[in-house]
Amino acid sequence: MNKLNENYSSIDQMANRLLSSQMAASNANSLKPGLSFQEVLNNTQSVRAEGLKFSKHASQRLATRNINLSAEQMERLENGTTKAREKGIRESLVMVDDLAFIVNVKSNIVVTAVGGSADSIFTNIDGAVIG
């Protein structure tokens, strides 16, 4: 086989070596030396703990349905989302008092909100947290 270069005998070998070096550089840049596992875990959790965001749709629902969340209710909604995340739920119904929220757990976004005693059907969820 003809050698393309002193170190490589094929394009595949060149590509594999390039990808390996790029991945190694990426991993080196993403992890700072000297960080403990606990520090990495805390950093990851702090990103998630930034708080829930409300989609435009959810914000409109809250406004049109005159739903005003107290600080205590917001904390319970965030705690419910955390519990859902711990159980591996991706799309959760989170109940807080007589309010129902659909939360995309992975992105930490409240998708919609329902208040009052209206009969409702919730679809496309894979878990519920009542609290």
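Me: Which residue is the bridge partner of I102 in β4?

Reply: The partner is T112. Keep in mind that this model is predicted. The pair belongs to a longer ladder: β3 and β4 are joined by five bridges and pair in the antiparallel sense.

Me: In what order do the strands form the sheet?

Reply: The sheet is open, and its five strands follow the order β1-β4-β3-β2-β5, with mixed pairing. At the edges are β1 and β5 (127-130), each of which pairs on one side only.

Me: Mixed pairing needs an example. In which sense do β2 and β3 pair, parallel or antiparallel?

Reply: Antiparallel, over six bridges. Within that pairing, E91 stands opposite N104 in β3.

Me: In which sense do β2 and β5 pair, parallel or antiparallel?

Reply: Here the sense is parallel, and there are four bridges between β5 and strand β2, which spans residues 91-96. For a position to look up, take S92, which stands opposite G127 in β5. Helix α4 (residues 71-86) packs on this sheet and touches β1, β2, β3, β4 and β5. The direction of α4 makes about 145° with that of β2.

Me: Which strands does α3 lie across?

Reply: Helix α3 lies across β1, β3 (99-104) and β4 (109-114). Its angle to β4 is about 30°.

Me: How should I think about the side chains of a strand?

Reply: In a regular strand the side chains alternate between the two faces of the sheet. In this model, β3 is mostly covered, with five of its six residues buried.

Me: How many residues has the largest nonpolar core?

Reply: It has 17 residues. Those with the most contacts inside this core are L52, L77, V94, F101, V103 and V110. At least two residues of the core come from each of α3, α4, β2, β3 and β4.

Me: Take V110. What is it in contact with, leaving aside its neighbours within four places in sequence?

Reply: V110 is in contact with L52, K53, F54, S55, A58, L77, F101, I102 and V103.

Me: S55 is on that list. Where does S55 lie?

Reply: S55 lies in the loop between β1 (53-54) and α3 (56-64). Not counting residues up to four places away in sequence, S55 touches I109, V110 and V111. The side chain of S55 also reaches the backbone oxygen of V111, at 3.0 Å.

Me: Now the backbone angles. What sign of phi should I expect?

Reply: Most residues other than glycine have a negative phi, and most peptide bonds are trans. Two hairpins in this model hold exceptions. In the hairpin of β2 and β3, with two residues between the strands, D97 takes a positive phi near 55°. In the hairpin of β3 and β4, with four residues between the strands, N108 takes a positive phi near 60°.

Me: Is N108 buried or exposed?

Reply: N108 sits in the loop between β3 and β4. It counts as buried because its relative accessible area is 8%, and the cut-off for buried is under 20%.

Me: Why does D97 count as partly exposed?

Reply: Because its relative accessibility is 46%. That value falls between the cut-offs, since buried means under 20% and exposed means over 50%. D97 is placed in the loop between β2 and β3.

Me: With which side chain does the side chain of Q73 make a polar contact?

Reply: With the side chain of D97, at 2.9 Å. Q73 is in helix α4. Q73 counts as buried because its relative accessibility is 13%. Not counting residues up to four places away in sequence, Q73 touches N68, V96, D97 and L99.

Me: One more loop. Where does I125 lie?

Reply: I125 is in the loop between β4 and β5. Its relative accessible area is 30%, so I125 is partly exposed. Leaving aside neighbours within four places in sequence, I125 is in contact with E91, S92, L93 and I102. I125 also shows how to compare position in the chain with position in space. I125 and I89 are 36 residues apart along the chain, and their C-alpha atoms are separated by 8.4 Å.

Methods
Residues numbered from 1 in each chain as written. Predicted model: local features only at pLDDT ≥ 70, side-chain atom pairs only at ≥ 80, totals over all residues. Heavy atoms only, no water. Polar contact = N/O pair within 3.5 Å; in protein donor to acceptor, adjacent residues only side chain to side chain. Contact = heavy atoms within 4.5 Å. Pairing = 2+ DSSP bridges. Axes fitted to C-alpha atoms, helices over the stretch in contact; angles between N-to-C directions. Buried < 20%, exposed > 50% of the residue type's maximum accessible area, 1.4 Å probe, protein only. Core = buried A, V, L, I, M, F, W, Y, C linked by side-chain atoms within 4.5 Å.
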